[in-house]
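These are my notebook entries on one protein chain. I wished to look up its overall order first and then one helix in detail.

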Amino acid sequence: MSDPAKVRRHAERVRELVASVVRSQIKDPRLGMITITDARITADLRDATVFYTVLGDAAAQAGTAAALESAKGMLRSTVGKALGLRHSPTLTFVLDDVQDQVKHIDDLLAQARNADAEVQRIAARAEYAGEPQPYRLDEDADEDADEARDADEDADETPPRGGDPR
């Protein structure tokens, strides 16, 4: 196994090399507006996965995928020579659907904003289920204390029933 830093350096170098070769050496008319977004290489440096995006519709994506497949041998030999490894890594091209994911996330965020606005609208019209002030205020406590004091005074004036009147 290789050092993870070395693997990252090689992956970055693979991305740069593939992008350079696609831009300058591949003359396939099927190749669309392509951007190499990322490259990942296994720890044993034998297999590399190259991620790319294509500007255009499904036909442009399919044409670009076919052009990359037909140029895979040339790209692999160029990458192998530039990296100076004992074995040239095999290249696998994967369409990176970042735009679709971004659109999906934007749609989810818009739904969340709409739901929050609906909750705010409903909350603005909401009323309390019980009394507007369910807690006892100081003036209520004063009235209760006066009533309790009056009850205590009435209890002191009443003579006890039965038994010894001491």
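Entry 1, order of elements. I read along the sequence of this predicted model and found that the protein chain follows the pattern α-β-β-α-α-β-α-α. I recorded its secondary structure as five helices and three strands.

Entry 2, the whole chain. I looked up burial and noted that 20% of the 166 residues in the protein chain are buried. The chain exposes about 12,400 Å², and I noted that carbon and sulfur atoms supply 51% of this area. I then turned to contacts between residues at least 6 apart in sequence: 62% of them join residues at least 24 apart.

Entry 3, the span of one helix. I chose helix α2, which covers residues 58-70. Its 13 residues, at 1.5 Å a residue, should span 18 Å. I found its end C-alpha atoms 18 Å apart, so the expected span and the model agree.

Entry 4, the sides of the helix. Which residues of α2 are buried? I listed Gly63, Thr64, Ala67 and Leu68. These residues cover an arc of only 135° around the axis, and therefore they lie on the same side of α2. On the other side of α2, I found Ala58, Ala59 and Ser70 exposed. Here I applied the cut-offs for relative accessible area: under 20% for buried and over 50% for exposed.

Entry 5, the cover. What covers the buried residues of α2? I noted that the cover includes the helices α1 (4-24) and α3 (72-83). It also includes the strands β1 (33-41), β2 (47-55) and β3 (90-95).

Technical notes
Residues numbered from 1 in each chain as written. Predicted model: local features only at pLDDT ≥ 70, side-chain atom pairs only at ≥ 80, totals over all residues. Heavy atoms only, no water. Helix = DSSP H or I, 4+ residues; strand = E, 2+ residues; numbered from the N terminus. Buried < 20%, exposed > 50% of the residue type's maximum accessible area, 1.4 Å probe, protein only. Contact = heavy atoms within 4.5 Å. Areas by Shrake-Rupley, 256 points an atom, 1.4 Å probe, with all protein chains shown as cover. Expected span 1.5 Å × (residues − 1). Arc of directions from axis to C-beta.
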